Amino acid sequence: MLVNILEDGIMVKQDYLVRMIQEIISAIARAILNKKKIRQQDRDEYDLLTQQMLGFPVKELATMDVQELIDRYANEEDRIGKIELASVYLLRFSEEVEDDILLKSKLRQDGIRLLKYVQQEDTNFSIQRDCLIRMLETNQ
């Protein structure tokens, strides 16, 4: 019985984490699609939540290699969700960069590569993710 309770608690925690990741990704994707500026308070909140979920400062994503990020979560149960969150964060961050075109391009390319990786490796196909990838590729 105790094992069932512990398993249920872990499942609830994982379900909550998945819902939080989906909510953050949806909000960021909506902002990218609408070219809407995110309020500073919301941006700070997203950054903090993303940092907590990824386990490292989000600004490190700008200098991190795609394969390094994938390898970082190789043994984690929720690796796909974390990689997807990182990819969408990179895309959001690329939209905010205005003065460094090379950095903007790198962030965008890395975000797309990670999204493609997630789409390929995830056991659940996401039509929204697929459409976002196509839209981003056609707008390059």
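Trainee: With which residue does glutamate 95 form a salt bridge?
Mentor: In this predicted model, glutamate 95 and its salt-bridge partner bring their closest N and O atoms to 3.4 Å apart. Glutamate 95 lies in helix α4 and the partner in helix α5, so the pair ties together parts that are 13 residues apart in sequence. The partner of glutamate 95 is arginine 108.

Trainee: Does arginine 108 count as buried or exposed?
Mentor: The test is relative accessible area, with buried meaning under 20% and exposed meaning over 50%. Arginine 108 has a relative accessibility of 16%, which is why it counts as buried.

Trainee: Which elements are included in what covers the buried residues of α5?
Mentor: Arginine 108 is one of the buried residues of α5, a group that also includes Leu107, Ile112, Leu115 and Val118. The cover over the buried residues of this helix includes three other helices, which are α3 (66-72), α4 (79-96) and α6 (127-138).

Trainee: How far does helix α5 reach from its first C-alpha to its last?
Mentor: Helix α5 runs over residues 101-121 and has 21 residues. At 1.5 Å a residue, a span of 30 Å is expected, and the value computed from the model is close to that. From its first C-alpha to its last, helix α5 reaches 30 Å.

Trainee: Which residue caps the N-terminal end of α5?
Mentor: The cap can be recognised from a side-chain oxygen that lies 3.3 Å from the backbone nitrogen of leucine 102. The residue that supplies this oxygen is aspartate 100.

Trainee: Which residue does lysine 116 meet in a salt bridge?
Mentor: The two side chains of this salt bridge meet at 2.4 Å, N to O. The pair links distant parts of the chain, 21 residues apart, with lysine 116 in helix α5 and its partner in helix α6. Lysine 116 counts as partly exposed because its relative accessibility is 40%, and the partner likewise counts as partly exposed at 33%. The residue that lysine 116 meets is glutamate 137.

Trainee: How many residues apart are aspartate 130 and arginine 134 in helix α6?
Mentor: Aspartate 130 forms a salt bridge with arginine 134, the closest N and O atoms being 2.5 Å apart. An α-helix has 3.6 residues a turn, so residues three or four places apart point the same way. At 17% relative accessibility aspartate 130 counts as buried, whereas arginine 134 counts as exposed at 52%. Their separation is about one turn of the helix, and in residues it is four.

Trainee: How many salt bridges does the structure hold?
Mentor: Apart from the pairs discussed so far, Arg43, Asp47, Arg92 and Glu96 are linked in a network of salt bridges. For the structure as a whole, the number of salt bridges is eleven.

Trainee: Which residues does isoleucine 25 touch, not counting residues up to four places away in sequence?
Mentor: Isoleucine 25 has its place in helix α1 (residues 2-34), and it is buried, with a relative accessible area of 12%. A neighbour in space can be far along the chain, as isoleucine 25 and serine 87 are 62 residues apart in sequence and 9.3 Å apart from C-alpha to C-alpha. The residues that isoleucine 25 touches are Glu84, Leu85 and Val88.

Trainee: Is lysine 82 buried or exposed?
Mentor: Lysine 82 is found in helix α4, and leaving aside its neighbours within four places in sequence, it is in contact with Met53, Leu54, Tyr73 and Glu76. Its relative accessible area is 11%, so lysine 82 is buried.

Trainee: Which backbone nitrogen does the side chain of serine 126 reach?
Mentor: Serine 126 lies in the loop between α5 and α6, and with a relative accessible area of 14% this residue is buried. The side chain of serine 126 reaches across 3.0 Å to the backbone nitrogen of arginine 129.

Trainee: What percentage of the chain is helix over residues 59-86?
Mentor: UniProt, in an unreviewed entry, places the feature "coiled-coil region" at residues 59-86. In the model, the end C-alpha atoms of this stretch are 11 Å apart and strand makes up 0% of it. The helix share over these residues is 54%.

Trainee: How many helices does the secondary structure of the protein chain come to?
Mentor: From the N terminus on, the elements run α-α-α-α-α-α, and the chain has zero strands. The number of helices is six.

How values were computed:
Residues are numbered from 1 along each chain as its sequence is written. This is a predicted model: local features need pLDDT of at least 70, side-chain atom pairs count only at pLDDT 80 or more; totals for chains, interfaces and linings use all residues. Side-chain values use heavy atoms; hydrogens and water are left out. Helices (H or I, at least four residues) and strands (E, at least two) are DSSP runs, numbered from the N terminus. The expected span of a helix is 1.5 Å times one less than its number of residues. Buried means under 20% relative accessible area, exposed over 50%, partly exposed in between (1.4 Å probe, protein chains only). Contact means heavy atoms within 4.5 Å. A polar contact is a pair of N or O atoms within 3.5 Å; within protein, one must be able to donate a hydrogen and the other to accept it, and residues adjacent in sequence count only if both atoms are side-chain atoms. A salt bridge is a side-chain nitrogen of Lys or Arg within 4 Å of a carboxyl oxygen of Asp or Glu. UniProt positions are given in the numbering used here, feature names are shortened, and annotations may be inferred rather than shown by experiment.
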